[in-house]
Every structure is written in C-alpha cells, then in structure tokens.
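Here is a friendly walk through the strands and cores of this protein. Keep the viewer open and follow along as you read.

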Amino acid sequence: MRSIFALLFILGLFKHAFSEEGYCSAPSGLSTEAKSKPLYWKVDNPTLSPVHLIDLPGFTRSVYKTTHALISPESHVYGPLPDWSDTTGAYLISPEMGSHFLMYLAKLKDNSRSGLPLPGVERFIFVLQGTVTITNATGVSQLLQVDSYAYFPPNFEHSIESDALGTIVVFERRYSPLANHIPEPLVGSTDKHPLLETPGEIFELRKLIPTSLAYDFNIHIMDFQPGEFLNVKEVHYNQHGLLLLEGQGIYRLGDSWYPVQAGDVIWMAPFIPQWYAALGKTRTRYLIYKDANRSPL
C-alpha cells in the first residue's frame, strides 16, 4: 500500500511539472507583464521558489550525487561572502562536492564591494540583474550591465562594486599555469560574440573566453529553440557548472532525467553521460563552465 501511495505522489509531481502551472509548462503566449521583464529575470524569480512552496513543505527538486548535482532555487542558502561588503552569496558548486572550481551567486545592494580571490585563483563574473562597476589597480573602471561579463587572471587586483540591487554569477578556480602563456583580463558581452559552428548539432554557441592556451577554462552560452536537443550524448573528462538562464527542458545526467527551468544550477563530474532537450514555447539559454586547454594528467 505504501508503494502505491508513493507512486501516486510521484505521478502527481510530474503532472504538476508538465501542467500549465508547472515549471516545465509551455505557456500559450507571453503576457504584457512578461514581455516587459528584463533579460534573465526568471533566474531570480523562478516558478518554484520558497514563496511558492508554502503548501509543499519539504519539497525540493535539488539532488546531489557523486557524479552530478541539481541545485534548484528553492534550496539556495544565502549568507555573507567572506571579504565582500554588503553582499550575500549562495555557494552552489564547490570542491566539497568533487569539483575543482567554485560557482556562486552574489546578491549586491547599495555600497556592495567585492573582496579578492585567494592567491593563484582566477575569477569570472557574469551579470544577471542590475549593473556593476569593475575597477582595476590603476583606477580604470568599466560599467557592466546584464549579459556582460569580466574575467580576472590570478593575482589581478580588482574590485566589483554596486550602488543598487544586482545579481552576478561567479566562477573561481585555481589557475593551472602553462609555460609562456599568460592570461589577460577580459570584459565583454554576449551579443558581441559571433555564433560559432557546431558540426552535427543545431544549437547556437558562443564562447566568452578566448580558446588560446593561456586560458584553462571557457564559458559557453548555448541557445536551443523549443524542441531542439543535443545530438551527441556526451561523455568526456571535462567538468561542467551550468546555470539555466532562460527556458525549460529535460536534462539527462547518468541514468536520471530531470525537468529543469531558468534558475537551476547543475554540476557534472567527469564522464557523466549528459544530454539536454528544450521544451516549452520559448528558447532555452544556459551558461556553462567547461575545462579547456589542459591535459587531464
């Protein structure tokens, strides 16, 4: 009898997931309110967040396994970031789970200011909401808006500041040096990058970091139209850290299949089978970290 009730409960969750009100629903059209929302607004305002789960105590889509993790927004735990001022952060991927990089969300407000990474650690930031100002050691400043990013090489003095509410996603990892190759700081925005060829695939791809040997990882922006999917069921040595920026779909990780939506974060260990298909009536866009240019040895 217990197993029957458990099965009915699970089926009920999937019915909710794919119903008009569910987190993988296909909306009949964009409302006037939705059209007026800023880019990536749903990362901070997911369909399933703590405020929407009052009647579902204990429910979460988050999963942690030795080969992968899905961290959904209702599970995010924010606290003060070390050496940052007036900033809270949620660590989503860290070496404690088996990764060799750190990924976290930082929520900025009036007078927020970043600290520096640890010695030998490089940093990449991507603006999800609001605007931030980055400043280097010589006092040169640049304003970053939504969909803009910056890369800071290891031991590169800089600050990230905000005078209003904003959200950024941050990646940090200990740099793996290569003789005669020195990474340079970078600033850019997604729309300034050309689409790259993807032989055998139909998704759209942009790479935000140069592919030269000086850089030991890259950040890709990948776009899928509804119904599109990865042709290759990937299995490789690279680790991934993924943030779904827009849309919804199904992600296969190993032998598990997960409904996912904007705001979800996924960690993929080396050699975990992985595959994605986009659902709904709007595009999927995700940002994904990937190791690059270094031997696995």
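## The seven-stranded sheet

Before we start, please keep in mind that this is a predicted model. A good place to begin is an open sheet of seven strands, which follow one another in the order S1-S2-S18-S15-S20-S14-S13 with antiparallel pairing. At its edges sit strand S1 (63–64) and strand S13 (204–207), each of which pairs on one side only.

Towards the S13 end of that order you will find S20 next to S14. Strand S14 covers residues 217–224 and strand S20 covers residues 284–291, and eight bridges link the two in the antiparallel sense. To find the register in your viewer, pick Phe217: its bridge partner in S20 is Asp291.

## A covered strand with two neighbours

Next, turn to strand S9, residues 148–152. Is S9 mostly covered or mostly open? Five of its five residues are buried, so by the cut-off of under 20% relative accessible area the strand counts as mostly covered. In a regular strand, side chains alternate between the two faces of the sheet. In S9, Ser148, Ala150 and Phe152 point one way, while Tyr149 and Tyr151 point the other way, and all are buried.

S9 has pairing partners to look at too. Strand S6 (residues 121–129) pairs with S9 in the antiparallel sense over four bridges, and Arg123 has Phe152 as its bridge partner there. Strand S12 (residues 186–189) is also joined to S9 by four bridges and runs antiparallel to it; here Ala150 has Val187 as its bridge partner.

## The three-stranded sheet

Another open sheet is built from three strands in the order S17-S16-S19, again with antiparallel pairing. Its edge strands are S17 (256–261) and S19 (274–279), each pairing on one side only. From one strand to the next, the twist averages 20°.

Strand S16 (residues 248–253) pairs with S19 over six bridges in the antiparallel sense. Leu253 is a handy marker, since you can look across to its bridge partner in S19, Gln274.

## Two nonpolar cores

Which residues touch the most other members of the largest nonpolar core? Among its 33 residues, they are Phe124, Phe126, Phe171, Ile219 and Leu245. Leaving aside residues up to four places away in sequence, Ile219 touches Phe124, Phe171, Arg206, Lys207, Leu208, Ile209, Leu287, Ile288 and Tyr289.

Apart from this core lies another, made of 21 residues, including Leu230, Leu244, Trp275 and Tyr276.

Definitions and conventions: Residues are numbered from 1 along each chain as its sequence is written. This is a predicted model: local features need pLDDT of at least 70, side-chain atom pairs count only at pLDDT 80 or more; totals for chains, interfaces and linings use all residues. Side-chain values use heavy atoms; hydrogens and water are left out. Two strands pair if DSSP finds at least two bridges between them. Buried means under 20% relative accessible area, exposed over 50%, partly exposed in between (1.4 Å probe, protein chains only). Axes are lines fitted to C-alpha atoms, for helices over the stretch in contact, and angles run from 0 to 180 degrees between N-to-C directions. A nonpolar core is a set of buried Ala, Val, Leu, Ile, Met, Phe, Trp, Tyr and Cys residues joined through side-chain atoms within 4.5 Å. Contact means heavy atoms within 4.5 Å.
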